[in-house]
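Thanks for sharing this one with me. Here are my notes, in numbered points, for you to read alongside the model.

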Amino acid sequence: MTFFLILVIAALVLGFIGVVIEGLLYLLIIGIAVFVVAVIYLGLHLRRSGRRRPLR
């Protein structure tokens with residue numbers, strides 16, 4: 001979960017810098033891509049951790 005949080009924070013920072021500073025629109029695009037990767041990572045993480053061993 002920590003990795004997901006770091007990816008989301010990085011995406012927000014890159015997106016914010018890309019919007020505020022003119023000429024750095026590519027940072028906004030990179031921020032969006034990082035956010036998408038973070039969501040995919042979270043989905044895969046939850047899917048893997050959802051499988052539980054049966055109780056004996």
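1. Let me begin with helix α1. This helix has 19 residues and reaches 27 Å from its first C-alpha to its last, close to the 27 Å expected at 1.5 Å a residue. Please keep in mind throughout that we are looking at a predicted model.

2. Which residues of α1 are buried? They are Phe-4, Leu-7, Val-8, Ala-11, Gly-15 and Gly-18. These residues lie on the same side of α1, because they cover an arc of only 100 degrees around the axis. As general background, an α-helix has 3.6 residues a turn, so residues three or four places apart point the same way.

3. The other side of α1 is worth a look too. There, Thr-2, Leu-5, Ile-6, Leu-12, Phe-16 and Val-20 are exposed.

4. Now for the fold as a whole. The protein chain has two helices and zero strands. Helix α1 spans residues 2–20, and helix α2 takes in residues 25–50. Of the 56 residues in the chain, 18% count as buried.

5. Next, the core. The largest nonpolar core has six residues, namely Phe-4, Leu-7, Val-8, Ala-11, Val-34 and Ala-38. Both helices take part, as α1 and α2 each supply at least two residues of this core. The largest share, four residues, comes from α1.

6. Two core members from α1 deserve a closer reading. Ala-11 sits in helix α1 and has a relative accessible area of 7%, so this residue is buried. Leu-7 is also found in helix α1; its relative accessibility is 15%, and because buried means under 20%, Leu-7 counts as buried.

7. How far apart are the C-alpha atoms of Ala-11 and Val-34? The separation is 5.5 Å, although the two residues are 23 residues apart along the chain. For Leu-7 and Val-34, which are 27 residues apart along the chain, the C-alpha atoms are separated by 6.5 Å. Val-34 thus features in both of these pairs, and Val-34 belongs to the largest nonpolar core as well.

8. Another pair to check in your viewer is Tyr-26 and Leu-14. They are twelve residues apart in sequence, and their C-alpha atoms are 9.3 Å apart in space. Tyr-26 is found in helix α2. With a relative accessibility of 47%, Tyr-26 counts as partly exposed.

9. Finally, the surface. The protein chain exposes about 4900 Å², and carbon and sulfur atoms supply 73% of it. A nonpolar surface patch of about 740 Å² is made by Leu-5, Ile-9, Val-13, Phe-16, Ile-17, Val-19, Val-20 and Ile-21. Among these patch residues, Leu-5, Phe-16 and Val-20 are exposed on the side of α1 away from its buried residues. Val-13, another patch member, lies in helix α1. At 44% relative accessibility, Val-13 counts as partly exposed.

Notes:
Residues numbered from 1 in each chain as written. Predicted model: local features only at pLDDT ≥ 70, side-chain atom pairs only at ≥ 80, totals over all residues. Heavy atoms only, no water. Patch = residues over 30% accessible without salt bridge, like charges linked within 9 Å, V, L, I, M, F, W, Y side chains within 5 Å. Areas by Shrake-Rupley, 256 points an atom, 1.4 Å probe, with all protein chains shown as cover. Salt bridge = Lys/Arg side-chain N within 4 Å of Asp/Glu carboxyl O. Buried < 20%, exposed > 50% of the residue type's maximum accessible area, 1.4 Å probe, protein only. Expected span 1.5 Å × (residues − 1). Arc of directions from axis to C-beta. Core = buried A, V, L, I, M, F, W, Y, C linked by side-chain atoms within 4.5 Å.
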